[in-house]
Amino acid sequence: MKRRILHSRWVSMVFRLVLGGIFFYAGAVKSQDPWGFAQAIYNYRILPGPLINLVALILPWVEMVVGGALILGVWMPGASLLVCGLLATFAFALFLNLARGIDVDCGCFSTASSGAGNTTWYLLRDLALLAMGLQLLLRYSGVGSGDRSLAETSHGEGRERHCE
Amino acid sequence: MRQGLISREEKGTSRSTGARFTRALIQATGLLLAGIALGVLSKEIRGLDIPWSGGWSEKEVVARHLEGLEEISVEEAWRAYQSGQALFLDARDPGSFSMGHLPGALNVPPAEAEGASEEIRVLVQAGMIPIAYCDGVDCPLSSELARGLGERGIEGVKVLVNGWSRWRERGYPVEIAK
């Protein structure tokens with residue numbers, strides 16, 4: 001059952017459209033306001049000052065490219081690997097700020113309540129998206145599946161590996 | 001014999017796993033480079049005013065937050081408080097506010113400027129001096145609140161930069177929410 005969900009083409013289709021849509025939309029919005037996005041990056045208090053604008057100018061386009069690839073189903077092994085890499089990086093940044101007590105909405109140290117609440121919610125949302133990304137990575141790249149056929153066909157459901 | 005078969009199959013699987021991962025890595029790098037190229041092109045074509053680097057020293061951040069707004073020093077805020085004219089507006093989250101705030105402050109996070117604007121307008125018209133503050137030198141909340149109120153017709157909201165910390169450093173009185 002677990003294996004069927006992990007390799008189901010329908011689940012994968014929904015996941016890639018959801019992730020692709022979110023990444024493309026998020027990238028498009030951020031690309032319209034690079035100063036605003038740079039402020040958001042600054043609020044995370046992780047990147048050194050000289051890198052903030054560079055990331056604010058480039059990351060939205062990387063998100064749009066990976067989002068577009070996921071929606072169109074192009075270069076799926078690479079797109080799912082990149083989306084997992086991005087989501088894992090975001091999760092690490094959120095976790096770090098949760099541990100340091102920084103409200104990522106404003107970059108302020110929050111004594112409790114809403115600030116930490118928002119960060120926790122962002123982290124949980126990010127981890128849910130990362131789970132979707134990992135499903136895509138397993139299905140489309142076959143990395144870790146140990147079954148060559150899964151990576152090469154789109155009909156992996158129910159196939160078992162027989163060694164004997 | 002069987003062991004030989006398994007061994008060959010495992011080798012084949014291992015090789016193909018490596019090849020699959022390499023293919024995924026090459027594609028991911030390609031997508032990344034495409035994103036970088038589009039980002040560079042977009043900045044040049046659109047002529048964006050944001051530089052590739054810089055603009056995030058503490059001084060620059062504070063200057064950007066205060067653009068078009070009026071700053072008030074902690075001494076001036078203290079005098080306004082002593083004369084009974086200070087209307088402190090705490091722009092921090094309610095949790096931070098409940099753990100302590102400037103005397104008589106209203107808790108108005110920027111997102112709630114709309115709802116609080118009528119009450120603030122009445123108090124300002126009665127002669128109170130609105131002073132927005134938050135915590136941290138580069139905290140943007142107080143300036144966001146001052147701008148939000150300005151957009152709703154409440155002009156002259158002053159910003160006390162790093163207000164909460166500086167007020168406490170001076171040993172001035174604070175209130176804890178009940």
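1. A:Trp75 is found in the loop between helix 4 and helix 5 of chain A, and in this predicted model its backbone has a positive phi of about 50° although the residue is not a glycine. A:Trp75 is buried, because 23 other C-beta atoms lie within 10 Å of its own and the cut-off for that class is 20 or more.

2. A second non-glycine residue with a positive phi is A:Arg45, for which the angle is about 55°. The place of A:Arg45 is in the loop between helix 3 and helix 4 of chain A. With 16 C-beta neighbours inside 10 Å, A:Arg45 counts as partly exposed, whereas A:Trp75 is buried.

3. The two helices that flank A:Trp75, helix 4 and helix 5 of chain A, also pack against each other: their axes come within 9 Å and cross at roughly 135°. The pair is therefore classed as oblique, and the crossing of helix 4 of chain A and helix 5 of chain A is left-handed. The residues that meet are A:Val66, A:Ala69 and A:Leu70 from helix 4 of chain A, and A:Ala79, A:Leu82 and A:Val83 from helix 5 of chain A. By class, this contact between helix 4 and helix 5 of chain A holds six nonpolar residues, with no polar and no charged ones.

4. Helix 4 of chain A also packs with helix 2 of chain A, at an angle of about 155° and with the axes 7 Å apart. An angle over 145 degrees counts as roughly antiparallel, and helix 2 of chain A and helix 4 of chain A are therefore placed in that class; their crossing is left-handed. Among the residues that meet here are A:Leu17, A:Gly20, A:Phe24 and A:Lys30 in helix 2 of chain A, and A:Trp61, A:Glu63, A:Gly67 and A:Leu70 in helix 4 of chain A. The contact of helix 2 of chain A with helix 4 of chain A divides into 12 nonpolar, six polar and three charged residues.

5. Which residues have the most contacts inside the largest nonpolar core? They are A:Val66, A:Ala79, A:Leu82, A:Val83 and B:Leu31, in a core of 37 residues. The elements that give two or more residues to this core are helix 2 (9-32), helix 3 (34-44), helix 4 (49-72), helix 5 (76-100) and helix 6 (113-141) of chain A, together with helix 1 (2-46) of chain B. Helix 4 of chain A gives the most, with 12 residues. Leaving aside residues up to four places away in sequence, A:Leu82 touches A:Val66 as well as B:Ala28, B:Leu31 and B:Leu32. Apart from this core lies another, of 30 residues, which includes B:Tyr81, B:Leu149, B:Leu160 and B:Trp167.

6. For chain A as a whole, there are seven helices and two strands, and from the N terminus on the elements run α-α-α-α-α-β-β-α-α. Of the 164 residues of chain A, 45% count as buried. Among contacts in chain A between residues at least 6 apart in sequence, 62% join residues at least 24 apart.

7. In chain B, helix 5 (residues 113-125) packs with helix 6 at an angle of about 65°, and the axes are 10 Å apart. Helix 5 of chain B and helix 6 of chain B are therefore roughly perpendicular to each other, a class that runs from 65 to 115 degrees, and their crossing is right-handed. B:Ala113, B:Ser117 and B:Ile120 in helix 5 of chain B meet B:Leu145, B:Gly148 and B:Leu149 in helix 6 of chain B, a contact made up of four nonpolar, two polar and no charged residues.

8. Two individual residues of chain B may be set side by side. B:Glu119 lies in helix 5 of chain B and is exposed, because it has 12 other C-beta atoms within 10 Å. B:Cys134, in the loop between strand 4 (129-133) and helix 6 (141-151) of chain B, is buried, with 28 other C-beta atoms within 10 Å. B:Glu119 and B:Leu106 are 13 residues apart in sequence and 9.9 Å apart in space, C-alpha to C-alpha, while B:Cys134 and B:Arg121, also separated by 13 residues, lie 20 Å apart on the C-alpha to C-alpha distance.

Terms used. Residues numbered from 1 in each chain as written. Chains lettered and ligands numbered in written order. Predicted model: local features only at pLDDT ≥ 70, side-chain atom pairs only at ≥ 80, totals over all residues. Core = buried A, V, L, I, M, F, W, Y, C linked by C-beta atoms within 7 Å. Helix = DSSP H or I, 4+ residues; strand = E, 2+ residues; numbered from the N terminus. Contact = placed C-beta atoms within 7 Å. Axes fitted to C-alpha atoms, helices over the stretch in contact; angles between N-to-C directions. Parallel < 35°, antiparallel > 145°, perpendicular 65-115°, else oblique. Left-handed = near helix turned anticlockwise from the far one by under 90°. Nonpolar A, V, L, I, M, F, W, Y, C, P; charged D, E, K, R; others polar.
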